[in-house]
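Trainee: I have a new model open. Can you show me how to read its sheet?

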Amino acid sequence: MTVPAAARLDTLRALAQVAEGALPLGLNAVTMTADGVPSIRPPQPVKLNFFADGLPFHAAVSPDGDGAVCQIWAEVGHIPYTAQAPERRRRLLATLRAMPTLERARFVVQDQKILLVSETRHAGAVTAEDLMHETVALIQEGRPFLRILGEWL
């Protein structure tokens with residue numbers, strides 16, 4: 001049984017009206033209600049893990065009002081306790097304190113771990129391209145300092 005052209009046009013018109021305020025649409029964002037009316041599901045939080053430059057990275061995108069927050073972080077290494085390696089600890093902490101303020105990347109010490117962290121807010125939905133851009137920018141900005149820290153890790 002074929003659907004009449006008028007019904008298909010009504011569906012397309014309804015979909016266009018629903019999508020008008022919510023572009024770009026994410027994967028599986030468009031659903032059909034029980035009575036056949038298209039609707040857009042609210043954005044859901046997304047998490048992913050990947051490796052870059054030999055480091056395990058983690059990314060999380062969370063809806064925040066009309067926009068989204070994109071967080072990317074990697075565990076760079078550990079700061080040894082003073083009793084384990086006092087000179088290495090002193091050098092690592094001095095290196096971290098001497099780093100300039102960067103645009104995206106921040107090095108954070110949390111529970112003896114050194115983390116490379118980035119958090120950005122986006123006005124609309126975060127697309128795959130946005131996430132890739134943020135990741136590449138973080139890695140490019142942090143890479144020279146990762147090399148310096150690598151001498152002491």
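Mentor: We go through the strands, then one loop residue. Keep in mind that this model is predicted.

Trainee: In what order do the strands of the sheet lie?

Mentor: Follow the pairing, not the numbering. Here five strands make an open sheet, ordered β3-β4-β5-β7-β6, with antiparallel pairing.

Trainee: Which are the edge strands?

Mentor: Look for strands that pair on one side only. Those are β3 (46–52) and β6. On average, neighbouring strands of the sheet are turned by 25° against each other, direction ignored.

Trainee: How many bridges join β4 to β5?

Mentor: Eight, and the two strands run antiparallel. His58 has Trp73 in β5 as its bridge partner. The two strands form a hairpin with two residues between them. In that turn, Gly65 has a positive phi of about 65°.

Trainee: And β3 with β4?

Mentor: Seven bridges, antiparallel. Val46 stands opposite Val61 in β4. This pair also forms a hairpin, with two residues between the strands, and Asp53 in the turn has a positive phi of about 55°.

Trainee: Over how many bridges do β5 and β7 pair?

Mentor: Over 10, in the antiparallel sense. Glu75 faces Leu115 in β7.

Trainee: Which strands does helix α3 lie across?

Mentor: Helix α3 (residues 128–150) lies across β3, β4, β5, β6 and β7. Its angle to β7 is about 150°.

Trainee: Where is Gln112 found?

Mentor: In the loop between β6 (106–110) and β7 (113–122). Now compare sequence with space. Gln112 and Ile79 are 33 residues apart in sequence, yet 5.1 Å apart C-alpha to C-alpha. Beyond its neighbours within four places in sequence, Gln112 has contacts including His78, Tyr81 and Arg89.

Key
Residues are numbered from 1 along each chain as its sequence is written. This is a predicted model: local features need pLDDT of at least 70, side-chain atom pairs count only at pLDDT 80 or more; totals for chains, interfaces and linings use all residues. Side-chain values use heavy atoms; hydrogens and water are left out. Helices (H or I, at least four residues) and strands (E, at least two) are DSSP runs, numbered from the N terminus. Contact means heavy atoms within 4.5 Å. Two strands pair if DSSP finds at least two bridges between them. Axes are lines fitted to C-alpha atoms, for helices over the stretch in contact, and angles run from 0 to 180 degrees between N-to-C directions.
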